[in-house]
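Thanks for sharing this one. Here are some notes to read alongside the model, starting with its empty spaces and ending with a single helix.

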Amino acid sequence: MSKDSSSYNNPSSKAPLNTSFSSINRFKKLQKKEISITPVFNSIIAKNTAALSRGITLIESTQENHIEKAQQLVEKCLPYANNSIRIGITGVPGAGKSTFIEALGNLLIQKGKKVAVLAVDPSSTISHGSILGDKTRMESLVKSTHAFIRPSPSGKSLGGVAQKTRESIILCEAAGYDVIIIETVGVGQSETAVHSMVDFFLLLQLAGAGDELQGIKRGIIEMADALVINKADGDNVLHAQKAKNQFKKALHLYPLAQNSWIPEVLTCSAIEGTGIEEIWELILRYLSTTFENGFFEENRIKQNKFWLLQTIEEQLKSSFYNHSKVKAELEEQIKAVQQHKITPFAAARYLLKLSSSS
């Protein structure tokens with residue numbers, strides 16, 4: 001074994017000079033570098049996808065020097081936003097959400113639309129990592145110059161939606177995308193966050209995976225504007241039709257939605273492309289109905305209010321945990337609670353009083 005190669009097996013030996021430390025240092029310097037918002041903004045409204053990716057990366061950053069810049073970018077883009085159709089798509093893992101979105105996206109591009117997909121991948125509660133593999137699952141859509149696919153980690157956010165998805169929507173709209181599709185992780189009971197930022201909420205279901213009625217959860221069904229039974233192909237066509245009939249009967253048990261729209265149930269095969277055209281026509285009928293009865297604009301206003309209140313909660317939470325006195329006392333209070341020396345309620349009151357002090 002040569003002298004050079006043995007250094008890799010000796011923990012006490014110095015790292016080779018060609019290690020990536022220089023790259024790491026360059027990356028750290030870039031993080032601290034002052035970001036100029038105007039060039040990024042100008043490139044976004046000029047429909048530059050690389051700039052759009054950089055903009056979304058900026059708003060997803062938790063770096064202190066990035067947060068204010070991100071807010072400035074969103075405010076600059078806001079006058080160019082609110083001109084798209086926002087579609088939320090959820091469903092249980094394995095329902096074929098990515099394949100369905102690719103089929104729908106390709107159809108919309110054929111119709112002259114520009115499509116942005118904000119795909120949210122689940123984050124591990126252990127490693128906090130995400131696979132972010134949606135681009136590899138949408139092989140044909142990702143090649144289109146009229147499509148933009150951005151996978152983001154869900155992090156600690158509920159509802160299978162990234163914390164900064166709303167801001168990402170604004171940037172995509174400013175970049176000229178006509179249809180924004182949000183793919184969630186499909187967690188089932190916590191989809192309120194998704195529903196609060198889209199115009200049309202679609203629930204993707206499977207047939208032949210047991211009792212279809214077990215898949216009906218009151219909360220998510222009440223939010224859905226349409227139910228689609230995917231994978232209606234091959235030997236599964238009859239199962240899909242049976243599931244469709246079961247869901248249609250079940251929907252009659254629910255009261256009429258505030259928007260006066262009666263949710264419909266359709267079947268499709270995303271892999272074969274059948275039924276996708278009918279689903280888009282259904283979405284257009286929904287939009288026409290809600291435009292005419294005024295619900296569309298009313299819903300957007302309510303969503304902005306929800307966004308405001310949620311942002312306040314997030315900033316209060318951030319301020320609390322970043323307060324110097326809270327940081328100093330939090331671990332001690334946790335230990336006291338674990339040792340039954342104090343109740344969680346009393347510890348919380350104590351820490352909240354600390355956070356309100358100067």
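1. Strand 2 is a good place to begin, since it gives the largest share of the lining of the largest cavity, namely three residues. Strand 2 (115-121) is joined there by helix 4 (49-60), strand 3 (147-153) and helix 8 (165-174), each of which supplies at least two residues of the lining.

2. As for size, this largest cavity has a volume of about 50 Å³. Eleven residues line it, and those closest to its centre are Glu 60, Leu 118, Ser 152, Thr 165 and Ser 168. With a threshold of 30 Å³ or more, the count is two cavities.

3. Please keep in mind that this is a predicted model. The pLDDT averages 82 over the chain, and 77% of the residues score at least 70. Two stretches deserve a flag. Residues 123-133 have a pLDDT below 50, yet in the model this stretch makes 17 contacts beyond near neighbours in sequence. Residues 156-161 are also below 50, with 19 such contacts. Where pLDDT is low, the predicted coordinates should not be read in detail.

4. Moving on to the open spaces, the second largest pocket has a volume of about 700 Å³. It is lined by 32 residues, and the closest to its centre are Glu 222, Ala 224, Asp 225, Ala 257 and Asn 259.

5. Which element gives the largest share of the lining of this second largest pocket? That is helix 13, with five residues. Among the other elements that each supply at least two residues are helix 9 (192-195), strand 5 (200-205) and helix 10 (218-223). Helix 11 (237-251) and strand 7 (264-267) also each supply at least two.

6. Helix 13 (295-322) turns up again in the surroundings of helix 14: together with helix 15 (344-356), it is included in what covers the buried residues of helix 14. Those buried in helix 14 include Val 326, Gln 333 and Ala 336.

7. The geometry of helix 14 is worth a quick check. The helix runs over residues 324-338, so its 15 residues, at 1.5 Å a residue, should span 21 Å; the end C-alpha atoms lie 22 Å apart, which agrees. Alongside that agreement, helix 14 has a kink of about 35°, centred on Leu 330.

8. One last backbone detail: His 340, which follows helix 14, has a positive phi, near 60°.

How values were computed
Residues numbered from 1 in each chain as written. Predicted model: local features only at pLDDT ≥ 70, side-chain atom pairs only at ≥ 80, totals over all residues. Heavy atoms only, no water. Helix = DSSP H or I, 4+ residues; strand = E, 2+ residues; numbered from the N terminus. Expected span 1.5 Å × (residues − 1). Bend = angle between axes of the 7 residues up to and from the residue. Buried < 20%, exposed > 50% of the residue type's maximum accessible area, 1.4 Å probe, protein only. Contact = heavy atoms within 4.5 Å. pLDDT = per-residue confidence, 0-100. 1 Å grid on protein atoms, 1.4 Å probe; cavity = no way out; pocket = protein on both sides within 12 Å on 5 of 7 lines; lining within 4 Å. Points joined across faces, edges and corners; volume = space filled by probe spheres on them.
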